[in-house]
Amino acid sequence: MTHPRFLRAARVTAAGLALGTLLLTGCSANPGGAGKAPAADVSALLTIPREDMATFDNNFNPFAPTVNPLVQQAIYEPLLVFNPAKGDTTPWLATAWDVAKDGRSITFTLRDGVKWSDGQAFTAADVAYTFQLQKKLKGGFDYLKSVTADGKNKVVFTFTKPWSPALYDVGQLPIVPQHVWSKISDPAKDPNTKPVGTGPYTEVDGFQSQSYVLKKNPQYWQPEKQKIAGIKMLAMSGNDAANLAAVNGDVDWAPQYMPNIEKTYVSKDKEHRHYWFPPTGAMINWQLNTTKAPFNDPQVRKALSMAVDREQVAKIGMSGYAQPADCTGLSGNYSTWKDQDLAASCTWTKLNVDEANKALDAAGYPKGADGKRTLKNGKPFEFKISVGATSSDWLSVANVISQNLQAVGVTAKVDSPDWASVVSGYEQGTFDSGIVWSANDPSPYKYFDTIMGTDTVKPVGAKTTDNYHRFGDPKADTLLSQFAAAGDDAAQKSLAKKLQAEYNDAAPVVPLFSGPEWGAYTDARFTGWPTEANPYATLSVRSATTVLVLTNLEPRK
């Protein structure tokens, strides 16, 4: 991951509607900002709110810690796009790829005729340079031995060992132009205010702290698919403001959690307003810091899990949109990978207060006369559940868990400072527990690696953006290595079942629910949206499939 996972799901805020109204007034009355001429014809722009950014920085650097909206979807493009809603892959900057029989390399054939937005040709050298810069600035891709250009239209990725998850890992990294970035003295900090990309909408126009426009790339390789004039991004103080914008008809695309969406949004214009929440989102986990007792005991983790009413979590915290998790740990994105027999036999992911109490008793955490449990050192069995103050959906989830745990004599206090404070606790390993968004790649490899792989475990005090709970399992390591080396689907599916079994035994985290991919829209001004009947992409504005939507939409005739 290039940024903390939970930020992608910090969807709901308790920000006041008054502020949201103020923002909307400023945006819709004068798109260019108070006292300035509009940057573009607002009626021709696809308008999208960003609910977790109250302001934008004039920074379009794809390597920045906090990336501006659509930088990695509309400005820069990947070699391929995997669509979890349909399970298919669309060639993009690459037209084909060949995986070596020994699994140690992949050769991509690049698309002819692609130009950067400044008119220079896109070449294999750009791809090789991007990975060199990515590893230097952001790390990762440890399995990559080399990335080399083979002429102008082929790129060879060579690995240190057979690595089957590499196709989508390397294939979906957005590519940057070597002729631009190699001349930047400090690529990590340069704001890149005039980005050069291959994407459909690269031209930054009318930048303001609360809005900006992306206009058409004049050199786009698919000009026939640039049917919308441009994109207008609106910074919102939180989900309340973003939802108000959607309800008022001030935005076309509302990719955020919206409670009671049928009543609050669709009912206002049933002819044009629609939503679709495919269950392809990541698994949402309650992560317990396993460096702290008693969370280092799998029996305690399982006992706490059995005290959680996931049906209540989904109904109250997620408005009934989400599906409760099971002991495979896999979200709806991995339906073809799931061991259905194991899922049918789950115990510790089902509500069972009696068994939870028995398990805590057996583990040595007795109840006192007041009904409250104590730790082995005699101190109260209490801890915090940390969630950012702006995420009212996850705060609701945490409050349900807190109430559920009272039935087993455990006190969990919901701690809700700003997300920056929560992030610090997660990344440094000082937190007790938290609600966390997990990895969600085309295969379950990265999910299990960041949940159980010892290579992702960092000591307390060392920053990490994965495996916040700091759990490693050597048995999982062996299975993960075998999975990465497996070259065929059947072998991977078999190993995935073994990983699920190990997950069931170890209970590294407490899975809560399979996250939906949020997405609502109005087709009053633009048509061609993905739907359940035509799932060519999801309705996320933060995924690789976003570019598929941007190149399919067109103004209503």
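Contact here means that heavy atoms lie within 4.5 Å of each other. With that in hand, let's look at Gln256. Leaving aside its neighbours within four places in sequence, this residue is in contact with Pro49, Glu51, Asn239, Ala242, Asn243 and Trp518. Gln256 sits in the loop between strand E11 (253-254) and helix H7 (261-264). Its relative accessible area is 1%, so Gln256 counts as buried, the cut-off being under 20%.

**The whole protein**

Keep in mind that this is a predicted model. The mean pLDDT of the protein is 90, and 92% of its residues reach 70 or more. Residues 1-40 are another story: the pLDDT is below 50 over this stretch, although the model gives it 107 contacts beyond near neighbours in sequence. Where pLDDT is low, the predicted coordinates should not be read in detail.

How many helices and strands does the protein have? There are 17 helices and 21 strands. What would the radius of gyration be for a compact globule with 557 residues? It would be near 24 Å, and the protein has 24 Å, which agrees. Taken along the principal axes, the C-alpha atoms fill a box of roughly 75 × 60 × 45 Å.

Buried residues make up 56% of the 557 residues. On the outside, the protein exposes about 21600 Å², and carbon and sulfur atoms supply 50% of that area. Now take the contacts with a separation of 6 or more: residues 24 or more positions apart account for 72% of them.

**A sheet of four strands**

One place to start looking around is an open sheet of four strands, with the order E4-E5-E7-E6 and antiparallel pairing. Its edge strands are E4 (94-99) and E6 (144-149), each of which pairs on one side only. From one strand to the next, the twist averages 15°.

Inside this sheet, strand E5 (residues 105-110) and strand E7 (residues 154-159) pair in the antiparallel sense over five bridges. To find the pairing on screen, look for Ile106, which stands opposite Phe157 in E7. Which helix packs on the sheet? Helix H3 (residues 124-137) does, touching E5, E6 and E7. The direction of H3 makes about 150° with that of E6.

**A sheet of three strands**

Strand E11, met above beside the loop of Gln256, belongs to another part of the picture. An open sheet of three strands has the order E11-E19-E12, again with antiparallel pairing. E11 and strand E12 (273-275) stand at the edges with a single partner strand each, so one side of each is left without a neighbour in the sheet. E12 and strand E19 (residues 520-522) pair in the antiparallel sense over three bridges. Arg273 has Thr522 in E19 as its bridge partner.

**Backbone details in the loops**

Some loop residues are worth a closer look. Two of them have a positive phi without being glycine:

| Residue | Phi | Loop | Relative accessibility |
|---|---|---|---|
| Leu70 | about 70° | between strand E1 (45-50) and helix H2 (71-75) | 2% |
| Asn467 | near 50° | between helix H14 (445-452) and helix H15 (474-485) | 0% |

Are these residues buried or exposed? Leu70 is buried, with its relative accessible area of 2%, and Asn467 at 0% counts as buried too.

Which peptide bond is cis? The one from Ala293 to Pro294 is, with omega near 5°. Pro294 lies in the loop between strand E13 (283-288) and helix H8 (298-306).

**Gln428 in its helix**

Finally, find Gln428, which lies in helix H13 (residues 419-428). Why does Gln428 count as partly exposed? Its relative accessibility is 25%, and partly exposed covers the range between the 20% limit for buried and the 50% limit for exposed, so Gln428 falls in that class. Apart from neighbours within four places in sequence, Gln428 is in contact with Val460, Gly461, Ala462, Lys463 and Arg470. For a sense of distance across the model, try Gln428 and Thr109: these residues are 319 residues apart along the chain, and their C-alpha atoms are separated by 41 Å. Thr109 falls within residues 105-110, the span of strand E5.

How values were computed: Residues numbered from 1 in each chain as written. Predicted model: local features only at pLDDT ≥ 70, side-chain atom pairs only at ≥ 80, totals over all residues. Heavy atoms only, no water. Pairing = 2+ DSSP bridges. Axes fitted to C-alpha atoms, helices over the stretch in contact; angles between N-to-C directions. pLDDT = per-residue confidence, 0-100. Buried < 20%, exposed > 50% of the residue type's maximum accessible area, 1.4 Å probe, protein only. Rg over C-alpha atoms; globule rule 2.2 N^0.38 Å. Areas by Shrake-Rupley, 256 points an atom, 1.4 Å probe, with all protein chains shown as cover.
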